[in-house]
Structure formats: structure tokens, C-alpha cells
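Please work through the exercises below with the sequence and the model open beside you, and try each task before reading its solution.

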Amino acid sequence: MEWTVANNLRSHFPELQQRERPEVQHWELGRSSIFIPLFLPLPAKLGTGQREVTVPRGPLFRAEGYPVSIGCNVTGYKGPSEQHFRWSVYLLTAPTREVQVVSTNDATFSYAIYQQRVRSGDVSVERIQGHSVLLHITKLQMKDAGEYECHTPNTDGKYHGSYSAKTRLTVIPDTLSATMSPQTLSKEEGEPLELTCEASKVTAQHTHLSVTWYVIQDGGGSPATEILSLSKDFMLVPGPLYTERFAAGDVRLGKLGATTFRLSIERLRPSDQGRLFCEAMEWIQDPDETWVSITKKQTDQTTLRIQPAVKDFQVNITADSSFAEGKPLELLCLVVGAGHDPQLQGIWFFNEIEMAHIDAGGVLDLKNSYKDRASQGQLRVSKLGPKAFSLKIFSAASEDEGAYKCEVAEVTRTRMGSWQLLQRKQSPESHVYLRKPAARSVVVSTKNKQQAVWEGEALALLCKAGGAESPLAVSWWHLPQDRTQPEFVAGMGQDGVVQLGASSGGPSHHGNTRLEKVDWATFQLEITSTTVTDSGMYECRVSEGTRSQARELSWTQVISVTVKSLESSLQVSLLSRQPQAKLTNAFDLSCVVGAAYSDLKVLLTVTWQFQPARAQGFHRLIRVTHNGTIEWGDFLPQFQKKTKVSQSPFRSQLLIHDATEEETGVYRCKVDVYDRNSLHTHGPVRASATSHPLRIVITLPESQLKVNSRSQTREISIGSDTDIECSVLSRATGNIQLAIIWYFSSLSANASCLRILEMNQTNVVKYGDEFHTSRRKKFHAEKVSQDLFQLHILSVDDSDQGTYHCVVEEWLSSTNGTWHKLGEKKSGLTELKLKPTGRKVRVSRVYWTENVTEHGEVAIHCSVEGSGGPASLYSVVWYRSGEDSGRNTLVHLQHDGLLAFGDEGLRGRLHSYRSSPTDFVLKLPRVEMEDAGRYWCRVAEWQLHGQPSKWVSQASDESQRMVLTVLPSESTFPSRICSSTPLLYFLVVCPLALLGLLLVSLGCVSWKARKLSRLRSDTRKEKALWVDLKGAGGKTAAGEEDEEEEDATES
């Protein structure tokens, strides 16, 4: 923005160029430059009586192709009142060169580039007053942009003040656009109208837009009438002829989006007819804060034709000529004709008395008693549309019989807001009569046309009355088969109120019985869940009566219904495809329900029961209820983990996996039938049945075991290791495990088979009891694969020669951890021989037998023929076999002298030793009767072999069987006594009893002697007393004799 006040006379008065040039101070504010003239010193500032030329502040923005006017005014001058003005321009192409445009006093003032435009009037100067002019450019061009200067010649006699002023004019492109599609519209008076126009601009400067709608009336050259405009200040300004309609909201202007403007007229009038268009103007604010229009555009025109509305109308009333008491009665008041959307009021009359009044705004005014009926919902007066009124009585009575008519008035609202009557019309009278009830027919039927239903099914009875429509009441009665008096089930009055029967024994349970009104003449009684007691006769009583009649009219009809028991056709069967199931296999049981009502949606509860073998009473395994709940019993707790139950509408299947012996027993299923409503009402069991018992036996599966039975002979070197194989050819599938038992039998005659070791089905190894402990460490068992087992023998010696075989046992494991033996197979014999070493042991085979008395001592000898080698040691094993026992190992005297007893209990009863390197003795210090039997020995020769050296059995031999007979010892007197228990008791008890009696006798004698001693002492004391009394001479000889006699007597 730039301000400049200066004396620009230098082009015309060069001699004054330097003297009169004012000073100009320049400040930088941001990016804009403001030039403010300061005339220094201050006393030189323009004052009163000084000339001053002023033009509008710039810059001035104007659009190309539009006119512009720039004013110039001079004050403080002297001389003639009419001043002259000269206009020049500094164009943008040459901003320092002055181009003269036009002058008020010199026709030749204009430069060549402006002469033609001045002569054509495109550029001109207009004098407003003697001191004020306007520069006019009729049609701006882009090249007209520049700085314009207004200069006034001096008429003051001297130069005092300013004689010129400048302002900048900027020419911008015209970007305003206003469009509307041209069209011709035909409307009726009172109809709405909407027109839209698009107005937009893309000017870089800040401008405002105004939009104005105009209408040009038909005929002549009438000017355009302004309808409504949106001003540059965003204010809605109606035209003079549309002010009232704008205030009433009938005329509106809205902006839709950024560029769309819509004119809305709610109710067209004939004066709106003509050609409508939209005018858009672009406004800009000059530096002096005044708004100036720089562009203007008009759209194409829309031709609007308006058909005047018909003002006259007719009123008709429609209604049925008769009505039934209690039924609705509706009358309609219809207006035919009138204009579009007229303002109408309605008035209803009954027998020439006003009932209700509803104005054009919908406000209702009811008279007297009709207010009460309307508040109770019995009457309604409404305006259905612009030309329709309604009077409805919901329950007509005899007092509603009479003549009805309606009156309609057309009104218009005044400026004060009140209604002004235009015209009024009445309808003809309509007479309405009350119909009298007539005789009716009643038909009773079932909804599904079936008079027999199953227990639990729904029973729907229909009672339909014939005749004309009228309010009816109905009541249902039930007569059971075993009774003579009917029971009330349910009833419905004419007002629709339902009453249910109070009997608790019949079908009238409140939650189970419903009475509905299908239509005015049809009533439905529904028993949602029937029982057998609901069978019998059902009677429907239809009654009709009005408030004007003394008694009601009634009609009846009956129907017979049978409710069949569900239990009557219920059958339950229990089936199984595997009555004999294999252990660990699965078996299934099917509980099949048979009934004649399989198509019904009944609900079943299935209970599976089980009675174990050798037990009394059934136990519950599982219960699947009709609502889908599964309840497990507490019997067989593992049953829940291996059982699957599947349920279908009339079938339940129990599948049991991994059968065990515990599942052996009798099974049965129990079925309880519920109706389909029991899911919500928890109703009782309708029927129940139990299947026949079915026995299930769990057996062991057949053994599929096969073992390699081929025999073979193997010859190996002494001291080496060897393996003996046991191969399984086939076995059963499933949870099958094998137990392997290895046996050994020596090559000697009558040798028994010894159990070496056993690897059971759980791979636990146990050595045989009869196999000598010292030899166990030589044998080891290995499970090479599922079907191959090996016995490893370490450092084979002479004692290991013999036949070996295995026994394979097939075991089945059940889910409860129990093992079951399915079978066993014996393999072929493997004979193990040592390669000849040249050594041979011979045991003396002298026949020996001996009889030994019980508790005696005996020694049994075993000798090796020959002296044996110097590097040889011998071991001996003593055996015994009795009449009732097999071969028993007694004691083993090893080559190193250690003793190993077959039974630790023999350690104190046997003594085995060498009497020489080749002679061995078994000594029994105290022979018992059970020691009788055959004894023999087996001697083995041992030598060192290999590196490092190890003692190895080279050869062995057994002796002849030696028979030991134990004789009972001879009986002696002590032995006889000890052998007789009664005699032993007698000899022990009798002496003790005699000793006791003797001690008692001695005690009595001792007590008697002590007593006699005390008596003598007392007697002596008495005698001594008498002697003292009589004196020493008083004692006579006779007295002495008497005393002696007494003593003798006492003694």
C-alpha cells in the first residue's frame, strides 16, 4: 500500500522542480512499504488557505471489461470557482513516463494512445462541481493498470499547497460465473417452487459475492422485480413486493454448498408468474473501506406459468347407514374442489347440535359430554388431510343413532395472526340407524381337524358364530367322561376381558389355558399341554346382548375330544451287537424307543442302569435328561472317562471303550417321556418304561502267539560268551505285552528243568529260586525288539552245557491296570555244547545205601577217580530228592573253598568239606526223618584260562544216586513218658498236689503246737498265784497230786 502527496509540476514548470519538491520519509513495515509525505519544517504544513488536491486512496482493484470512475477534488484555491483538471497515467510498462489522458480545458491534451478512446467517449472527464470532477473509463482494459495523477493548474498567483494527487489502479481478470439451466415450468396456484443457480469466483483478492433473484412480469418492457437477495454482507434482503411473504416464511433463499443458491417459494401466487433469473455481483472493499461492485453476471431465465386455483368447493359426508351396538362407527367429511392446500376448518353436528370444532391449525374443541367420551378413548375427531375430516365412535350405542352433518369453512390468516373467513359450506345430513341382532349359527371344531390328540399335545378348539357382525361373548365348558356336571373352562366378555376357570382338577390351569379372539365371530380355546383328564365333551356358548335389551341371546354347540395316554404305546428295547465283548475292546448298547407318536416333538430322559455280575440291584451309570443335562452316577467312577453317549429323538446309544471285567453284568435303560413344553414349565413325567435286561460278558481275546519252535545245537569254546535267541513270530494286537522265561536242563540223565530267569510283561527281571545264586551273574536277558529276545551267557563253562529254551507268555493290560494272561508258547530247544578240551572228570559210581537212626549222624562220600591235574581245582554240588519233592540244591562247595547253601536254613544242619583234593564229604550231624531220600553230587574241574586268567569249568560229572533211609529211634522209659501227654501231665501235676497237701498239714500241726504252749504258760501262772495265797506250807500232798493229774490230763 502506498500513500504519496507531492507537487508534480516539474513536467510543466521545470524551474520549480527543485524548489517546491517536498520531503518524503520511508518506513519498512514487514514486506509492505508505506510512503507518508512529511512537509518539513512543520510550519510549512498545509493549512487554511492553501490549495489541496485529493483523489481516492489506492490501490483500486477493478475488473477487466467493466467501467471505473475516479474522483478528483481541489480545495483551498484562489481564483475562479471553476477549476480545470488534467488526468495523466504512469502505465506499468513505463512507470516513470507520464502519459496524458484527458483534460477539462484542452481538447488536445490527450496523447495519441488515448485520443481515439477520448473521442469515442470510452475515456472522459465529468465535472461534478467547479472544484470536483470524475474520470470515467467505460470498459477497462488490462493495459489501463497504472498510477493515475490528477493535476490542477495554479490560479492562486503563487504556489502555495499541493497541485496534484496520485492513486494506483489495478485491473484484474473477470472470474465471476453465474449459471442456471433455462426451463419453462407450469404450476398451480399454491404449489411450491424451488430454483437453484450456481455462482462462483476465483479472484485472488478478498472479495464478497451477492446473489439476487428477479422476476420480469409478462407484458411490455416492465422492469425486473427483485424477489430476494443475499447481500455482500451475507444478509437476506427481500424485494419491496415480497417483504410480507419473506417475513411469513413463504419466500426463502438458502445456500447449498459453496456455490449453489436456492430460491424457495412455499405457495405460488399469480403475481409470481414471469421470467425468473439470478444475478450475481462481486464486491471489493477500497482502502477508504467503501464496498464497490466490480463484476456482475446474470443467469439464463426460467419461464414460470401459474394456473389460478379453483376457489369454490363442495362438502360431502360418508358413513354406513346402520351400525351394530358396541362396534365402531366412523363418518368422513370430504371437501371437493377448493384451491391447492386450502386453509379449512371443520364443524361436526349431531341432530343439529354442534359436537366438535377443529380449526385450520388442527386445534380441536369438543362440546359438553363428548369431552368425557374422548378422554375415555370412545370418540376421536381428527383432520385426516387438507380436505378430509373424521369423526369416529369406537363403541357405538343406541344414543349415537341419529342425523350427522359437517360444515367446512375456508379461512386465511391475517397479518395479526387471526383467521379470516372466506367462505362456508355444509354437507347434506346422513342418518345412521342401530341394527337389531339376528339369530346366529355356531360351529365348533378343532384347529387341526383331529378330535383325538396325544397327551402333552396342544388342543385348539374353534368356536365360530354366523350372522351379522356384532359384539359377542363366549364361554367354554368341559364335561369329563366320568362326571355328569360340566366345569367352566374360560370365558370372554363383549369387552374382550378373559376369565379362566378356577377348577384345579380339569384342564383350566391358568398357565396352560388360553382364550383368544381370532376375529369378531371366531374364538379359540387352546390347552397348550393336555392330560388324559382333558378328554370329554367341550361346549361353546355364544351370547349376544345390548344395553337396551333385558336379556341376552345365546347359542351353544358341543364337540367330543379324546386325549390318548403316552404310556399306552410306549415300548423300550435294548440292543447290542456285541453281547460278548472282548477285553479292552469297545462295545455299544442301543436303547430304542418305540411309540405311535414318534412324529410328536416329545422330550425323552434316558437313564442307563447296570447290575454287576454276582451282585444284587441296579446302579445308575448315566442319565441324559430331556433338557440336555448329563448326570453321572457314582458307581464305576472310571466309567465316565471311557463312555460316549449319543442321543437322537427316539434312540440313545451307549458306547463303552476299553472294556474290563468290571463291565460284565446286566444292563438296562429307562425312558421318561415329557411334553415339549417341559423345557420352560418343568412339567411332570408323562410316561415311563424300562427295557428288558441285557447281559454283557467281557471275555479275553484269543491268543495269536506263535514262537519259533525249531531246535538247534550250538558248540562253543569254553570261556567264551554266547547268546540264545527267542523269536516271536506273531502275537495279538492292542495293549499286549510279552513275558519271557528262560529254562535250562543239564545233559545228565534225569536232570530236571531249571528256571534261569524271567522278564515279566513290565520288563522286570527275576531269577529262578532253584537256580544257584552263584551262577545268576552269568546270565542276562535282553529285549532286542518287540519280537526278539536274547539270553546272554558269560564265560561259558562245563556247567553251562545243556539245553535252553524260552517260554513266551502273552499278557493283556486293561484300563484298570489289571494284567490278563492270554496264552503261552514254548520255543524250540537250543543245545549248548563245549568244544572238546581233552579233559574229562569221572566220579566214582559205587552204589551206596545206608540206614540211619533218627537223630543219628551220617556222612556221604563223593570221590573223583584219578588224582587229577596239578593245575586243577574241583567244586562239588550236593543234591537231594525226596519222595514228595523234586530236585533240591543243598550246598555248593566252590573251587575256591567257599560254601553256598541252597537254603540258608540248611547252614546249621549240613557240613560239606574236602577230605582230600578229590574226595568230598557231606555230613549230617543230626539226622531228621525228612532227611530221607536220594543224594548225589556233581563234581566240576576248574582251570585257569585266558588273559587275564580266569577260572573256568572244564568238565563235570555226577555220581550215582545214594539212598539214605532214616529209621525212628528205639523207645525208652523216659521217651515213652514224654511221648504220652496224659501220663506226662499226671507225673507232673500229682507230685505238686501232694507237696501242697503236705505243706498245709505241717502248717496245721505248727499252729496247734503254739496254741498248747500258750495254755501251759497260763496254767503255771495260776498255780503260782494260789501258792502265794496259802503260804508255803499250805500246799498238801493231795493238792500236788491233783495238780499233777491235771497236767497229765492236759498233756
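## Exercise 1: A salt bridge between two strands

Arg 938 has a relative accessibility of 19% and therefore counts as buried. The model is a predicted one, and the values used here are computed from it.

Task: find which side chain meets that of Arg 938 in a salt bridge, and state whether that partner is buried or exposed.

Solution. Begin with the cut-off, since buried means under 20% relative accessible area, and Arg 938, at 19%, is on the buried side of it. Next, look for the partner: the side chain of Arg 938 meets that of Glu 958 in a salt bridge, with an N to O distance of 3.1 Å. Arg 938 belongs to strand S73 (residues 933–945) and Glu 958 to strand S74 (residues 950–958), so the pair ties together parts that are 20 residues apart in sequence. Finally, Glu 958 has a relative accessible area of 5% and is therefore buried.

## Exercise 2: Two further salt bridges

Task: for the salt bridges of Glu 487 with Arg 483 and of Glu 539 with Arg 541, decide which residues are buried and which are partly exposed.

Solution. In the pair of Glu 487 and Arg 483, the N to O distance is 2.0 Å. Glu 487 counts as buried because its relative accessibility is 11%, whereas Arg 483, with a relative accessible area of 43%, is partly exposed. In the pair of Glu 539 and Arg 541, the N to O distance is 2.5 Å. Here Glu 539, at 19%, is buried, while Arg 541, at 29%, counts as partly exposed. For context, the structure holds 38 salt bridges.

## Exercise 3: The faces and neighbours of strand S65

Task: work out which side chains of strand S65 (residues 830–834) are buried, and how strands S56 and S63 run relative to S65.

Solution. First, follow the alternation along the strand: Thr 830, Leu 832 and Leu 834 point to one face and are buried, while Glu 831 and Lys 833 point to the other face and are not buried. Then turn to strand S56 (residues 712–716), which runs parallel to S65 and is joined to it by 5 bridges; Glu 715 stands opposite Lys 833 of S65. Strand S63 (residues 802–813), by contrast, runs antiparallel to S65 and is joined to it by 3 bridges, and Tyr 804 has Thr 830 of S65 as its bridge partner.

Key:
Residues are numbered from 1 along each chain as its sequence is written. This is a predicted model: local features need pLDDT of at least 70, side-chain atom pairs count only at pLDDT 80 or more; totals for chains, interfaces and linings use all residues. Side-chain values use heavy atoms; hydrogens and water are left out. Buried means under 20% relative accessible area, exposed over 50%, partly exposed in between (1.4 Å probe, protein chains only). Helices (H or I, at least four residues) and strands (E, at least two) are DSSP runs, numbered from the N terminus. Two strands pair if DSSP finds at least two bridges between them. A salt bridge is a side-chain nitrogen of Lys or Arg within 4 Å of a carboxyl oxygen of Asp or Glu.
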